[in-house]
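Please work through the following exercises with the sequence and the model open side by side. Each task is followed by a solution that goes step by step.

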Amino acid sequence: MTTIESLHRLVLSAALLFSTVVALPVPAAEDDSPPPEFSEAETRMWLTNQLAAIEAPMTLRYTFEKSGTLEPGFEDEIRLVVERINEDDSKAISLYFFTGERRFPVPPVDSTNVNLVLGKYLEGDVYEMNRLTDPNGTARERWRYFMRRIKFALSESATVEPRSFEFDGRQWNGYEVSFSPYVNDPHRDEFERLANKTYSVIVSDELPGYLYRIETRVPAEAEGENAAPLLREVLQLEAIETAG
C-alpha cells in the first residue's frame with residue numbers, strides 16, 4: 001500500500017467517525033500527486049495508525065468523569081475490545097461507550113486502524129454543546145457548527161507539545177494536542193458561558209490504542225484560582241487486559 005493510499009484510508013476512517021461535515025481533505029488515491037498539507041495537530045489526531053502497537057486481541061478500559069457547577073455530573077466507563085488482528089494488520093473491534101441507560105450504541109467494525117473512542121467522544125461532545133446552548137431545541141443542527149469549529153481549530157490554531165506520562169507502572173512518551181475552538185469564535189456571544197472551553201488530548205505511538213487521555217474544561221464564571229470549573233470532563237485509560 002502506498003503512502004497516499006494509507007493516508008486516504010486513515011482520513012476516510014476519521015471522517016466516518018467524526019461526521020462528513022468536519023472530514024479532513026482526502027488525498028487522491030488514484031494518482032501520484034502529493035497529499036495536501038496537514039497541521040501537526042491533524043496528523044496526531046487522525047493521520048496515524050492508532051492501533052499499530054496492538055499485536056494481539058485485548059480490551060482497553062477507559063474511565064469517564066463529568067463534574068462542574070453547571071449541572072450534576074456522573075462517572076462511567078468505556079471499553080474498546082480488539083476482537084481480531086487481520087492479515088493486513090488492521091483490527092476488528094467493538095466499542096462499548098458508557099453503560100446502562102447512558103450506553104451509546106456503536107456498530108462493530110471489521111477493519112480499522114483508528115481508535116474509535118476519540119472520534120465518538122468528540123461526536124458526543126458537540127451534541128452536548130448543542131444541548132447546553134439550545135435548551136429549547138430551536139437549533140437542533142447547531143452541533144454541525146461546533147464540529148466545524150473543532151476542525152478549524154485543529155487545522156489552524158491547535159498546539160502540539162511532547163508529553164510523558166505514567167501508566168501501568170512505566171513512563172510513556174507521547175504528545176498533548178491542545179485547542180480552544182470557540183475562544184475567537186465570531187458567534188461566541190450566542191454561547192458565551194461555554195466559549196472559553198479548552199480541549200486536551202494526550203496520545204502516544206508507544207501505547208496500545210494510542211489514546212491515553214481526553215480532558216475538556218470550561219472555567220468558572222467567577223474569578224479566582226480556586227473556583228470550581230463550570231464544566232469538566234476527563235476520559236482516561238485505566239487498564240489494558242489481554243485476552244486469555
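**Exercise 1. Determine how helix 3 and helix 4 are oriented towards each other, and which residues meet.**

Solution. Helix 3 and helix 4 are oblique to each other, a class that holds the angles left over once those under 35 degrees are called roughly parallel, those over 145 roughly antiparallel and those from 65 to 115 roughly perpendicular. The classification follows from the axes of helix 3 (residues 116–133) and helix 4 (residues 142–156), which cross at roughly 130° and come within 8 Å; axes are lines fitted to C-alpha atoms, for helices over the stretch in contact, with angles from 0 to 180 degrees between N-to-C directions. Helices (H or I, at least four residues) and strands (E, at least two) are DSSP runs numbered from the N terminus.

Next, take the residues in contact, meaning heavy atoms within 4.5 Å: Glu123, Asp125, Val126, Tyr127, Met129, Asn130 and Thr133 in helix 3 meet Arg142, Trp143, Phe146, Met147 and Ile150 in helix 4. Seven of the residues in this contact are nonpolar, two are polar and three are charged, where Ala, Val, Leu, Ile, Met, Phe, Trp, Tyr, Cys and Pro count as nonpolar, Asp, Glu, Lys and Arg as charged, and the others, Gly among them, as polar.

The model is predicted, so that local features need pLDDT of at least 70 and side-chain atom pairs count only at pLDDT 80 or more, while totals for chains, interfaces and linings use all residues. Residues are numbered from 1 along each chain as its sequence is written, and side-chain values use heavy atoms, with hydrogens and water left out.

**Exercise 2. Trace the order of the strands in the sheet and find its edges.**

Solution. The nine strands form an open sheet in the order 4-3-2-1-9-8-7-6-5, with antiparallel pairing; two strands pair if DSSP finds at least two bridges between them. Strand 4 (109–112) and strand 5 stand at the edges with a single partner strand each, so one side of each has no neighbour in the sheet. On average, neighbouring strands are turned by 25° against each other, direction ignored.

Now follow individual pairs. Strand 1 (residues 58–67) is joined to strand 2 (residues 74–85) by nine bridges, with Met58 opposite Val82, and it pairs with strand 9 (residues 231–242) over 10 bridges, where Tyr62 stands opposite Leu237. Strand 5 (residues 159–167) and strand 6 (residues 170–179) are joined by nine bridges, and Glu161 has Glu176 as its bridge partner.

**Exercise 3. Decide how far the model can be read in detail.**

Solution. The average pLDDT, the predictor's confidence in each residue from 0 to 100, is 86 for the protein, and 84% of the residues score at least 70. Over residues 1–34, however, the pLDDT is below 50, although this stretch has 66 contacts in the model beyond near neighbours in sequence. Where pLDDT is low, the predicted coordinates should not be read in detail.
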